[in-house]
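Good morning, everyone, and thank you for making room for me today. Please have a look at the structure on the screen before I begin.

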Amino acid sequence: MDIALIGLGKMGANMARRLVRGGHRVVGFDRDFSLAESLQAEIGLTAVRTLPELAATLPAPRAAWVMVPAGDATEAVIAELAGLFALGDTIIDGGNTFYKDDIRRAAALKEKGIHYVDVGTSGGVWGLKEGYSLMVGGEAEDVSRLKPIFETLAPAPDKGWGHVGGVGAGHFVKMIHNGIEYGLMQAYAEGFEILHAKRDYALDLHQIAEIWRHGSVVRSWLLDLTANALAADQELSEIAGYVPDSGEGRWTVFEAVDLDIPAPVITLSLQQRFASRQEESFAAKLLAAMRNQFGGHAVKKVER
């Protein structure tokens with residue numbers, strides 16, 4: 001099957017490799033043409049310099065998978081494709097898009113006769129080897145037509161992917177997936193910090209992670225990755241304690257509020273990421289000042 005892939009960063013490049021290995025013809029575009037050019041030399045991808053060239057290269061009905069950062073970048077690419085594609089063509093958004101943006105885009109594209117499919121994509125840098133988890137939203141007919149692509153990218157044709165609902169459902173499910181991920185990561189981080197702080201036992205954190213990986217009720221792929229990180233440096237001395245968020249954790253919390261669903265673990269894990277970015281907390285300063293005011297407790301002064 002012929003498909004265009006727009007965005008050839010690490011994840012996009014690995015998706016292209018998996019697709020080509022699966023027998024698909026991939027037309028690749030990236031703002032940095034050297035990325036497409038290198039993949040052309042490596043795997044035989046057809047590299048193009050512009051989106052108009054991409055549209056002209058694909059046979060009808062055309063399908064393009066957009067794998068660029070959510071927000072303005074995705075909006076710009078889809079807007080340009082909408083002007084280049086025609087009746088019966090399909091645009092697939094595989095990034096971390098907010099599901100309500102999918103619904104808006106699909107409605108606008110439908111007026112032009114262009115199909116829209118949203119795919120929540122998980123797998124990161126391991127997707128080339130392990131396959132990608134694909135949560136697909138869109139019309140059943142569109143998803144069925146693209147089935148060979150999903151079967152190739154997934155861990156197996158019948159595992160790790162599925163049509164979860166109408167337009168927007170794929171990214172909605174991926175949003176909740178990422179919210180759960182926040183909570184799981186935070187639980188591991190807090191547990192290992194407690195272990196790390198118990199200096200009396202001089203605990204080997206990597207050893208403990210390896211023990212838990214086999215037979216334990218808390219074993220998981222995240223724990224496997226934690227063990228990898230601790231094997232290199234148990235003190236994580238080269239890593240700053242600054243944790244960004246992709247936005248999907250926030251959207252999950254907003255959705256929980258809208259639906260009157262209590263989600264304290266996911267919400268607090270998001271808040272902890274915010275806290276990690278503060279060089280110095282004003283709230284903590286004020287807490288210290290209040291304790292000093294009402295109880296005369298000592299205040300630690302800033303060293304200058």
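I will first go through one strand and its partners, and after that a single histidine.

Please keep in mind that what you see is a predicted model. Let me start with strand S5, which covers residues 90–93. From this strand, Thr90 and Ile92 point one way while Ile91 and Asp93 point the other way, and all of them are buried.

On one hand, S5 pairs with strand S4, residues 63–66, in the parallel sense over 4 bridges, and here valine 66 has aspartate 93 of S5 as its bridge partner. On the other hand, S5 pairs with strand S6, residues 115–122, also in the parallel sense and over 4 bridges, with tyrosine 116 of S6 as the bridge partner of isoleucine 91. To get from S5 to S6 the chain passes through helix H5, residues 99–110, in a β-α-β crossover that is right-handed. S4, helix H4 (residues 72–84) and S5 likewise make a right-handed β-α-β unit.

Now to the histidine, number 24, which sits in the loop between helix H1 (10–21) and strand S2 (25–29). Is histidine 24 buried or exposed? Its relative accessible area is 9%, and because buried means under 20%, histidine 24 counts as buried.

What does the side chain of histidine 24 meet there? One polar contact, of 2.7 Å, joins it to the side chain of threonine 152, and a polar atom of the histidine 24 side chain lies 3.3 Å from the backbone nitrogen of methionine 1. If we leave aside neighbours within four places in sequence, the residues in contact with histidine 24 include Leu19, Pro148 and Ile149.

Methods:
Residues numbered from 1 in each chain as written. Predicted model: local features only at pLDDT ≥ 70, side-chain atom pairs only at ≥ 80, totals over all residues. Heavy atoms only, no water. Buried < 20%, exposed > 50% of the residue type's maximum accessible area, 1.4 Å probe, protein only. Helix = DSSP H or I, 4+ residues; strand = E, 2+ residues; numbered from the N terminus. Pairing = 2+ DSSP bridges. Right-handed = clockwise from strand over helix to strand, strands pointing away. Polar contact = N/O pair within 3.5 Å; in protein donor to acceptor, adjacent residues only side chain to side chain. Contact = heavy atoms within 4.5 Å.
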